[in-house]
Amino acid sequence: MELIEEIKRRKTFGIISHPDAGKTTLTEKLLLFGGAIQVAGAVKSNKINRPATSDFMEIERQRGISVATSVMAFEYQGLKINILDTPGHQDFSEDTYRTLTAVDSVIVVIDVAKGVEPQTEKLVSVCRMRNTPVIVFINKLDREGKDAFDLLDEVEQKLGLRVRPLSWPIGMGQRFRGVYNLYEHKLVLFNPHGKQEEENVIEIKDLKDPQLEKQVGRMAAEELQSDVTTVEGVYPTFTREAYLSGHIAPVFFGSAVNNFGVKEMLDCFVEIAPIPLPRHTEERDVHPEEPQFTGFVFKIHANMDPKHRDRIAFVRICSGRFERNTNYLHVRQNRKLKFSNPTSFMAEKKTVIDEAFPGDVVGLYDSGNFKIGDTLTEGEVLHFKGIPSFSPELFRYVNNADPLKTKQLNKGLEELMDEGVAQLFTRDVDGRKIIGTVGALQFDVIQYRLQNEYGASCTYEPVNLHKACWVSSADPKALKEFLDRRKRDIAKDKDGQLVFLAESAWTLKLAQENHPPGAVPLYE
Ligand code: G4P
C-alpha cells in the first residue's frame, strides 16, 4: 500500500478519564468491536489492582501492565486505530501527560454521577493547549447521575470546552431507555445486561413520529422532544472543522459496561477523528506524507528484568515509512542506530514488525541511548516541539542511605530521570538533591527501582516547595541580579538548566512581579 493510503487509514488517540470512570471498560469494548480481543475481560484481567498502600509487588506488576497496555491497536472498518494508554491511576505521572503529545485526538470519559474530576481537568488542559480534538463520552447512564444539561455546563466550565451533544439520553438509572442519536437521527434502545443489537436501533427522523412514544412511552417521549429542542437552541451546530480545530467537543452518552452507546461513538469517531497530523519541530513543520521517516520518543520504559538494563523507547512515527534494520539518525547523539526488533503492540500481542507508518507507535529496545523527546530521522536535524517537561507539584529531598553505593544511586537516579519517571533538581547553595513528581506513587516507584535495579537505597525527607520554574533570560544582567537575589531558591535540573524553586504561590508571584517576564521569564 502507498504511504498516503497507510496514513489515511490511521487514527491514533488516547482515552482520558479519572480512575473508575470506565476507561478500561470502554477500551475493552472498542477492542472487541475491532476483533482485537475475543472475550470481555481480557484488558480487565490486566488491570491494575489498586493497592490501598503501596506494595512493592504491586508496583512491579503495574509496570508490567503499563508496558502491555501502552499501545493497543485494532482494525475497524478498514482503519488501523491506535489507542495510547494514558495511565490515570495512582501511577499518574509525567508519562500520562507526555502521551498526549503522541496522539492526534482524545476521548474523555466522564462518570455521569461524579461529573468532571480533577485529573481529567489537568489532562484536558494539556489537550486544549495543543488544540487536540476531543470527544466526550458520558458513561454509566444505567445509574442515577447528574442532569445532562447540568453535566454539560460542568464540562464547559471545568474543562473549558465548548460542547455539542451528538446523542441525548432518554432517562437514566432505572428509567434509562436509551439514547437518541442526533447525528444520524436514530433511536437506540437500551436493553440492560444485553448486547446492543441491530434491531434496537430505530430510525426516527422526526421526534413527532408516533414510533417514539410507542417505543419509550409518552412521558419519556415528551421529555426527549423538549430536551432536543433545548439542545438545538443552546448548543452550536456541529461541524467537523470546529471539532478538528479543537473548538467543539461532541458529546455521547452511554454505558460502557453494557456496551451501550459505544458503537455509536466509535462509528462517529472513525468518521470525524483526524488522521495523523503534521507535527511542529524547531526547524519546520513535518508532514506525515513526507517520504522520509521521522519520529520522536515520548515514553521510555525500563525492562522488567533487572539483570538486563535494556529499556523500551516508545516512538511515535510522524512521517514516512519506518523500516526494520535500517540506519536512522539519533539527532541528539548525532549517530546512526538501527533496530533489529522494533515491536508493535496489538492488544495483548507483541510482534516484531518490518515497517510502521505515521500515527503508529513502535517500541525500540534500547540500552540507554534514548531520552524523552529524542528525535530519529533519515539524516535531517530536527527537534520535535511540545514534548513538555511538566512542572512537578510534589517534592522531597532524596538522601543516600548507603554511602558505599553512591555511584549506583547517582547512576540510578540519572537513568530513571531519563526515563521521565520524575525530575531531579540539585540546589545550588547546599548541593542537596530534590525529586519532583506529578504523582505521589512515583516516590515509591523510584525508591523501589533504585533498590531493585541498581542496588542503591535512598530515603526521603519533606521539603516545603510549591513549584519548580525554569529560568532563562536573554538579558545577562537581569539574570545575574535574579540569581543573586534568589540564591537560596536556585537549583539545576539534570541537564544543568537553571530552575527557580518557589516555596509558595506567594514567593512565585513575588518573583514574577519583581522580575517581569521580559527580563527573566519563569517557565512552569
Ligand atoms: P477505569 O479504567 O476508568 O478506572 O474504570 P473501569 O473501566 O475499571 O470501570 C470502573 C468500574 O465501573 C468497574 O466496576 C466497571 O465495571 C464499572 N463500569 C464501567 N462502565 C460502567 C457503566 O456503564 N455502568 C456501570 N454501572 N458501571 C460501569 P468495578 O466494580 O470496579 O469492577 P468490576 O467488578 O465490574 O470488574
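Four strands make up an open sheet here, in the order 7-8-9-10, and the pairing is antiparallel. Keep in mind that this is a predicted model. A second open sheet has seven strands with mixed pairing, and below we also visit a helix that is largely enclosed by the rest of the structure, a pocket of about 500 Å³ and a few single residues worth a look.

**The four-stranded sheet**

- At the edges of this sheet sit strand 7 and strand 10 (201-203), and each of them pairs on one side only.
- From one strand to the next, the twist averages 20 degrees.
- Strand 7 (residues 167-170) and strand 8 (residues 178-181) run antiparallel and are joined by four bridges. One spot to find on screen is Pro169, whose bridge partner in strand 8 is Val179.
- Strand 8 also pairs with strand 9 (residues 186-189), again in the antiparallel sense and over four bridges. Here you can look for Tyr180, which stands opposite Leu187 in strand 9.
- In a regular strand, side chains alternate between the two faces of the sheet. Strand 7 shows two directions: Ser167 and Pro169 point one way, Trp168 and Ile170 point the other way, and all are buried.
- Helix 8 (residues 218-234) lies across strand 7 and strand 8, and it runs at about 150 degrees to strand 7.

**Gly178, a buried glycine in strand 8**

- Gly178 belongs to strand 8. With a relative accessible area of 0%, Gly178 is buried.
- What does Gly178 touch, leaving aside its neighbours within four places in sequence? The list is Trp168, Pro169, Ile170, Val188, Leu189, Phe190 and Phe260.
- Gly178 and Gly261 are 83 residues apart along the chain, and their C-alpha atoms are separated by 8.4 Å.

**The seven-stranded sheet**

- This open sheet has the strand order 2-3-1-4-5-11-6.
- Its edge strands are strand 2 (71-76) and strand 6 (163-165), each pairing on one side only.
- The twist in this sheet averages 25 degrees from one strand to the next.
- Strand 6 runs parallel to strand 11 (residues 249-253), and three bridges join the two. Across this pairing, Pro165 stands opposite Val251 in strand 11.
- Helix 5 (residues 118-129) packs on the sheet, where it touches strand 1 (10-17), strand 4 (105-111) and strand 5 (134-139). The direction of helix 5 makes about 145 degrees with that of strand 1.

**Two residues with positive phi**

- Asn131 isn't a glycine, yet it has a positive phi of about 55 degrees. You'll find Asn131 in the loop between helix 5 and strand 5.
- Is Asn131 buried or partly exposed? Its relative accessible area is 47%, so Asn131 is partly exposed.
- Lys140 isn't a glycine either, and its phi is positive at about 70 degrees. Lys140 sits in the loop between strand 5 and helix 6 (148-159).
- At 18% relative accessibility, Lys140 counts as buried, because the cut-off for buried is under 20%.

**The second largest pocket**

- About 500 Å³ of space lies in this pocket.
- Which residues are closest to its centre, out of the 22 that line the pocket? They are Arg130, Asn131, Pro278, Arg279 and His280.
- Helix 5 and strand 12 (279-280) each supply at least two residues of the lining.

**Helix 10, tucked inside**

- Helix 10 (residues 262-272) has eleven residues, and nine of them are buried, so the helix is largely enclosed by the rest of the structure.
- The buried residues of helix 10 are Val262, Glu264, Met265, Leu266, Asp267, Cys268, Phe269, Val270 and Ile272.

**Thr375 and its surroundings**

- Thr375 lies in strand 23 (residues 375-377). Its relative accessible area is 3%, so Thr375 is buried.
- A polar atom of the Thr375 side chain lies 3.3 Å from the backbone oxygen of Leu382.
- Not counting residues up to four places away in sequence, Thr375 touches Gly295, Phe296, Leu329, His330, Val331, Leu382, His383 and Phe384.

Key: Residues are numbered from 1 along each chain as its sequence is written. This is a predicted model: local features need pLDDT of at least 70, side-chain atom pairs count only at pLDDT 80 or more; totals for chains, interfaces and linings use all residues. Side-chain values use heavy atoms; hydrogens and water are left out. Two strands pair if DSSP finds at least two bridges between them. Axes are lines fitted to C-alpha atoms, for helices over the stretch in contact, and angles run from 0 to 180 degrees between N-to-C directions. Contact means heavy atoms within 4.5 Å. Buried means under 20% relative accessible area, exposed over 50%, partly exposed in between (1.4 Å probe, protein chains only). A polar contact is a pair of N or O atoms within 3.5 Å; within protein, one must be able to donate a hydrogen and the other to accept it, and residues adjacent in sequence count only if both atoms are side-chain atoms. On a 1 Å grid over the protein atoms alone, a cavity is a set of points where a 1.4 Å probe fits but cannot get out, and a pocket is an open set with protein on both sides within 12 Å along at least five of seven lines; lining residues have an atom within 4 Å of a point. Grid points are joined across faces, edges and corners, and a volume is the space filled by probe spheres set on the points.
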